[in-house]
Every structure is written in structure tokens, then in C-alpha cells.
Amino acid sequence: MDKNFFEYAPAPESRALVSIKAQYGLFINGAWVEPKTKDKFATINPANEEVLSKISQASDSDVDRAVKAARAAYLKTWSKMPAKERGKYLFRIARIMQERAREFAVLETLDNGKPIRESRDVDVPLAAAHFFYHAGWADKLDYAGLGINPKPHGVVGQIIPWNFPLLMLAWKIAPALATGNTVVLKPAETTPLTALLFAEVCQQAELPAGVVNIITGDGATGAALVNHPGVDKIAFTGSTEVGKLIARSIAISGKNATLELGGKAANIVFEDAPIDEAVEGIVNGIFFNQGHVCCAGSRLIVQENIYDDLLAKLKRRMSLIRVGDPLDKNTDLGAINSAAQLAKIKELSASGDTEGAFRWSPDCQLPSKGFWFAPTIFTGVTQSHRIAREEIFGPVLSVLTFRTPQEAIEKANNTPYGLSAGIWSEKGSRILWASKALKAGVIWANTFNKFDPASPFGGYKESGWGREGGRHGLAPYLKGAK
């Protein structure tokens, strides 16, 4: 450990800000209802394995109830409401989310394991910003360049992942409501609590009953929602494997779909890059949210003549990463979301050892309870290594080198994914050249993991199809949009 490392006194956020019920039902037609079956499952705090609450397992009949409620709300209320009035509801939701921001942040950290700093400073503000942004679009769709008098699909089934539960909810629900659709949303089974708190926000905003319905459950619940004949569109964020299953299941149904799937992003550092800034960008690119980011910069591709200098600075910076209690405001790296995800990270990291890469992690004391993995880098990695090809979805960075700019592009594009990439260089011409050559939907220059509601996000190849955010993200929620 660096001798100049500052020891900070613990600064935990208070849990008293949130009130978690012992168990939750389903939010259907504007009210809390019990599922048809009495099946429940636990959601736990991944930092200490404490059971936070018991969550309802929605059955096929529960999914049917939710879809019918959404259809009735669409036909009787939401589609007939003036667009300006729909926008007012989104503004109201956004303001309530801001008012309850600390509550959302603490609950997200408890249920997900991410540091409170990230929940407080990134996830919750961005989620509210998406509702503000899309509220403004509600009565301006004729001017979005998406055709004349665009129409909503109707009922949208939405399935969100566990890595950004509240933010992904906002990415899905805000554009759906702004374009006149109604929603049935299923959060991930390991992180349902902020979605259930959002249901309370819908009640507080007096959103018409049935416009937003939130059902909880595992993959079987998600499959029932995808395959329900009353659902007109599917929006899914998650793994490429599940995305492929969804694409196959709706192939002959005529349902529209937006799929935001996995990634294996390359973060390219050219010889003329500002190395100190690049190191901060590399750390943010892979260790933000414990690496539980589909667009994480999990492949670092460095020009050979700066490799030694950059690696030394990167290791020193990694030695300053604080791993520990996610509720502590000093924590940089929180808990892995689940035992299953931790096992996957360990298995893929072990393959790196077996295949001859060199593992390095800073000295850090991992808590004895919960799911934890130290920030890790692998050097001596080739393109044939599994850790360079497969999405690890954890705090693990694979380091590769290149000699010529063309070699960097070829290595970056040598992946079935195409979600994101990063470029570090002081030459604008090089950045523009590389951006054009890279096969990725989102490209950052001299930064990484920066998001804005007005900027579209999405990928190519096995990273899915469609865009979320910005004007482009409205199109998938409208019939025949250009």
C-alpha cells in the first residue's frame, strides 16, 4: 500500500432513510395486489447477505392481469389524454424522484451493492433527468423527425437488469410514457426494491391506474411477459444469451423489440495520450459499479512504447481504490451483486491464470461476509484468451498491446460485441479516424462512461439493436417511426 494513502474515518449513510417492508406484492392497476400463488423469494444485501425483504413471484396469470390493466389504461385513459398532460405526469414523477433522492440512493445501494457515492451522484440524478428530458418530448413528437403524427405501439413489456436497476427503469419507462404507451415492467429478481419504491412514486404522482404496472419474479415471469399476446413491444436490457432467446421467441409475432445486450469494450490508449488522465479514465471505465457495466472498458489496448509507464501508474492508482461497505461515502468499490455473479467472475479469472496471463491485484482487505472481488488486471493477454473474448461483468481488466494504429483498431473490433469503445489521444484527427473505424455504437474520446438523457445509447452485432435516450430513443416506441 502506498505510504501516502490517506486513512479516512468511516462515513456511513444512514439506513434510517428507507423503510423496507417485510414482503411485497405486485403493483397492478395502480394498487398493491397479492399474486395468485403465494410463492416468495428473498432479496438480499450482497454486502453482508442480510435478507432485506420477501418478494412475490408473479405467475402467468399475474402477468395476464398486469397486461390487461395496461391495455385498459391505454385504451381508456393514456392514449386519449392530450400529450401535454402526459408530459405533466412525467415532470411530476421526476420532481418526486428528486425529492426522494436520498431514499432511492440508500435503497439502491442496499439491494445492489454499489457504493452510495455512485447511487447518490450518478444513478438517481440521471434517472430523474431521463424523466425530465422525456417529459419535454411528450407534446413535441411531431417535430422529432420521426414521421407525421407518430402513434404509440400500445402495451410495452419491459425487462431490466440488476446492474443499474433504477436507471434502467428510467431509460425504459420515461420514453414509453412520453410516446403514449403503457407499461408492464419486470425488474431483476436480485434487485427489485427501487422498482417497487418507484411504484409508490407513481401513486404519489397520481398517475392513472394501469399506466405503469410492476411485476416481480424470475426468468419464467420474464418469459411470460415476452410471450404474452397482449404485449405490443418488448424492451430488454440484459445478457446477449437471453436477448437471443427473446429475439427467437418474438420472431414470428410481429412484436417490435429493443435489445440492449452485452459488450466487451476496448479502451485504446495511443502514445500521445495524456497518461495521467487516461489512467483515471481506465479506472472509471472498468471499476465503476464493480465492473457491472455492459459498456465497461474491460479490454485495455495500449501502444507498446508507453505500456510500462502507463501500467506502473495504473497499478499505483489501483492501490488507492477503497473496497468495503457500500454505504460508506469513502468506498470506491462495493460488493458483487450476487453469489452467482461472483462465481462467474472467479471462473473466468481462473481461466486467465490457466491460459497463461499474469494476474495482479492491490493489497486490500475483503470483508468476510458478502460477495467481494478485488480490483484485478491481467497482463500478457492475447486475443485468444477467454478473458479477452467473454464478458466478465466484474472488476477485471485485460491488458493488450499494439504497435500501429491499424493494429489497435483490428484488435478492438475483434469481438462479437459492438456496444462501446474509448479513445485516448491528444490528436483530434486520430480520434476522428479511430472513431470512424471502430465498430461500436458509443465511442468516448478522452473520457469514459459518460451518459446524458439527450444522447442515444446502443450497440451493433451481439450487443443488440435499437437505441435508448435522445431523439433516436423515441423511435422504437412509435409505430412506423423513421
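In this predicted model, helices H2 and H5 cross with left-handed geometry. The contact draws on Arg86, Leu90 and Met97 of H2. From H5, Leu166, Ala174, Leu177 and Ala178 take part. By class, the residues of this contact comprise six nonpolar, no polar and one charged. H2 covers residues 83–99, and H5 covers residues 165–178. Their axes come within 10 Å and cross at roughly 160°. Angles over 145 degrees count as roughly antiparallel. H2 and H5 are therefore roughly antiparallel to each other.

H5 also packs against a second helix, H6, which spans residues 193–204. Here the axes come within 8 Å, and the crossing angle is roughly 50°. H5 and H6 are therefore oblique to each other. The crossing of H5 with H6 is right-handed. On the H5 side, Pro165, Leu166, Leu169 and Ile173 make the contact. On the H6 side, the residues are Thr194, Ala195 and Phe198. This contact has six nonpolar residues, one polar residue and no charged residues. Leu166 of H5 appears in the contact with H2 and in the contact with H6.

The length of H5 was checked against expectation. At 1.5 Å a residue, its 14 residues should span 20 Å. The end C-alpha atoms of H5 are 20 Å apart, which agrees with that value. Burial of H5 was examined next. A residue is buried when its relative accessible area is under 20%. Of the 14 residues of H5, 14 are buried, so the helix is largely enclosed by the rest of the structure. Just after H5, Gly180 adopts a positive phi of about 95°.

Elsewhere in the chain, Gln303 was considered. Gln303 belongs to strand S13, which runs over residues 299–303. Its relative accessibility is 5%, so Gln303 counts as buried. With neighbours within four places in sequence left aside, Gln303 is in contact with Val269, Phe270 and Glu271. Phe402 and Arg403 are also in contact with Gln303. Asp353 lies 50 residues from Gln303 along the chain. The C-alpha atoms of Gln303 and Asp353 are separated by 24 Å.

Methods:
Residues are numbered from 1 along each chain as its sequence is written. This is a predicted model: local features need pLDDT of at least 70, side-chain atom pairs count only at pLDDT 80 or more; totals for chains, interfaces and linings use all residues. Side-chain values use heavy atoms; hydrogens and water are left out. Axes are lines fitted to C-alpha atoms, for helices over the stretch in contact, and angles run from 0 to 180 degrees between N-to-C directions. Helices (H or I, at least four residues) and strands (E, at least two) are DSSP runs, numbered from the N terminus. Angles under 35 degrees count as roughly parallel, over 145 as roughly antiparallel, 65 to 115 as roughly perpendicular and the rest as oblique. A crossing is left-handed if the near helix is turned anticlockwise from the far one by less than a right angle, and right-handed if clockwise. Contact means heavy atoms within 4.5 Å. Ala, Val, Leu, Ile, Met, Phe, Trp, Tyr, Cys and Pro count as nonpolar, Asp, Glu, Lys and Arg as charged, and the others, Gly among them, as polar. The expected span of a helix is 1.5 Å times one less than its number of residues. Buried means under 20% relative accessible area, exposed over 50%, partly exposed in between (1.4 Å probe, protein chains only).
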